[in-house]
Amino acid sequence: MVIETTAPDITAVSSSVAHVKPTRGVVAFRVANTVLLTAITLITIYPFINLVAKAFSSESYIAAGKVNLVPRGFNLATLDYVVGDSMFWINYKNTVVYTVVGTAVAMALTTTYAYALSRPQLKGRGFFTGIALFTMFFSGGLIPNYILVVNILHMRNSIWAVVLPGAISVFNLLVMKSFFENFPAELEEAAQLDGMSTYGVFFRIVLPLSKAVIATMVLFYAVSIWNSWFSAFLYLDKKELFPVTVYLRNLIAAATNSPDAVGSTDAVQIGANIQSVTMLLTVLPIVCLYPFIQKYFVSGVMLGSVKG
Amino acid sequence: MTVTDVKHAPAKQSKPVLAKPVERTWRQALRRDWRLYSFLVLPLIFLLVFRYVPMIGNVIAFRRFRPGGNPFGDEWVGFYYFRMFIHNEQFWNVFWNTVILGGLTLLIVFPLPIVLALLLNEVRARRFKKIVQTITYLPHFMSIVIVAGIVLQLTSVNGTVNQIIRALGGTAIPFMQEPGWFRSIYISSEAWQTVGWGTILYLAALTTIDDQLYEAARIDGAGRWRQTWHITLPGIRPTMMVLLILNIGSFMAVGFEKVLLLQNPIIYSTADVISTYLYRVGIQSSQFSYAAAIGLFESIIGLALVLSANFISRRLVGAGLW
């Protein structure tokens, strides 16, 4: 799992002691620090290793509590079983569709809003920013949202129920706004002198020069929609519309809450290998893209923090 | 967009010189910048419909809602539903569960990234540091469904935790069927999931501390601990305060989705929180008005907590969200 990344590396502070001969206390601290950090890293990675091990183990070894680091009773039957379930692929495809559509909608709304808010000539900027900010600290709550989507907009069992309610993330909006605010004004002035309208400036100058921040925001939205399950769980009740996270949730719930599960000791283990395989297949795209995701997420979070 | 950019970013925050905000009337502004205002139309409609309509929708907490009737309720009933939950013993059970779980999260999970950031900051081997960071960030990107699935597997009777207990000669514990264990499990999984990612902002803040301060402290004979205490910690205090205020703001909402995925009826006595309770009575039992009243109560406490935390922080340390 050692992935080469370009994540920021911050060693500036400790370099100030480089020329001082380390005392015994310092050496002891460094050793203890390395041991501690190694332990934290191993504890963090262990559940994933365990997941892989279970995915390829046979049921009997898992039920006997013998699977931890390596697969026992290695087999690919579970993988075959999960891959052979057509509902799994239908739901997987739904996740892809929801992620693509949701990200597109969210990006369209966030980019245009952030750009308008970043322009000093926009009268009422404070007000338009404020009404977005306020929603960060006070929200309508579960029930009114549910009534809105189901009773007023009649979006039950529609992709829009999954895709629309979360479309603008205020955090992402602020990140983009602060990026656009630092955009060199000369470029836009020059374009306007050449007779370009606001639309021309935005689509032909600002957007092409903002690829980095756009990539960051796309990843922010895409990862969050890929991972989300609750709005789909809440608003969809047709199996063939579920995203894969809900498929997985139902799998786990069925194993945990099956009628004979209560009190039965190995209830959770029923299908533990099936659960593990499904989890692995669900995180696979995220793990594959992880080097990019990590890099862009780190820069995005910092960009947001500059503005606070 | 690397750390170096971020370091210099505050310096170039001077506003672009494009068009000094001349005082214009709305009519002039709209005529001159109508294209810019057209960008606002869809986002504002979105905010209005999906953020502000639900806020207004909270009136059903004061009105009787009938399925199929008016979505904003049929008749006024005043504080009927508020009195109903205030006199409900089960509500107080979930209320205190929420406070305890939220309090434990703040007390235990919130400081961990600070400690980890300080430890990481002392690491000299760049490669080792990168590996630690890469791996500890990973859980942040996992779906909450997967996190819950992993937790349920690890704590199951044949899971790793019980394998260790058995190896040490103990007897297996059915963790998810014993209410006494829920809080420890929830807090541990929170720590596992958030500690690495939480270090990012602290690590960034640490790079902004002036090296000369350490130099001066060393000349004055301050050891490593005193340097950490008197220079490093004050240096990251604004970041700490901002994150603390944000955390206090989400105090009442305590990881709703995760609790919902982890809980089961056997452990409701500790594992049921306000948000999961209102989900059950509201969505599953269709008592919309009653659940909306609880939700409104929760949101108002959340807002009050953020506002007071921000106020106190500004008074005490001069740093806040706004």
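Here is a short chat about the domains of chain A and the overall form of chain B in a predicted model.

Trainee: Hi! Which domains does the assignment give for chain A?

Mentor: Hello! The domain assignment splits chain A into domain 1, residues 19–75, and domain 2, residues 80–307. Keep in mind that this is a predicted model.

Trainee: How far apart are the C-alpha centres of those two domains of chain A?

Mentor: The centres of domain 1 and domain 2 of chain A are 32 Å apart. As for the contact between them, eight residues of domain 1 of chain A and eight residues of domain 2 of chain A take part.

Trainee: And on the domain 1 side of chain A, which helices each supply at least two residues?

Mentor: Those are α1 (24–55) and α2 (59–63) of chain A. The largest share of that side comes from α1(A), with four residues.

Trainee: What kinds of residues make up that side of domain 1 of chain A?

Mentor: The side of domain 1 of chain A that touches domain 2 has five nonpolar residues, one polar and two charged.

Trainee: Switching to chain B, how many helices and strands does it have?

Mentor: Chain B has 18 helices and two strands.

Trainee: Why is chain B described as more spread out than a compact globule?

Mentor: Because its radius of gyration is 25 Å, well over the 20 Å that the globule rule gives for 322 residues. The C-alpha trace of chain B spans about 80 × 75 × 35 Å along its principal axes.

Trainee: What percentage of chain B counts as buried?

Mentor: Of its 322 residues, 39% do. Also, among contacts in chain B with a separation of 6 or more, 67% are between residues 24 or more positions apart.

Definitions and conventions. Residues numbered from 1 in each chain as written. Chains lettered and ligands numbered in written order. Predicted model: local features only at pLDDT ≥ 70, side-chain atom pairs only at ≥ 80, totals over all residues. Domains from an automatic or database assignment. Contact = placed C-beta atoms within 7 Å. Nonpolar A, V, L, I, M, F, W, Y, C, P; charged D, E, K, R; others polar. Rg over C-alpha atoms; globule rule 2.2 N^0.38 Å. Buried ≥ 20, exposed ≤ 12 C-beta atoms within 10 Å, placed from the backbone.
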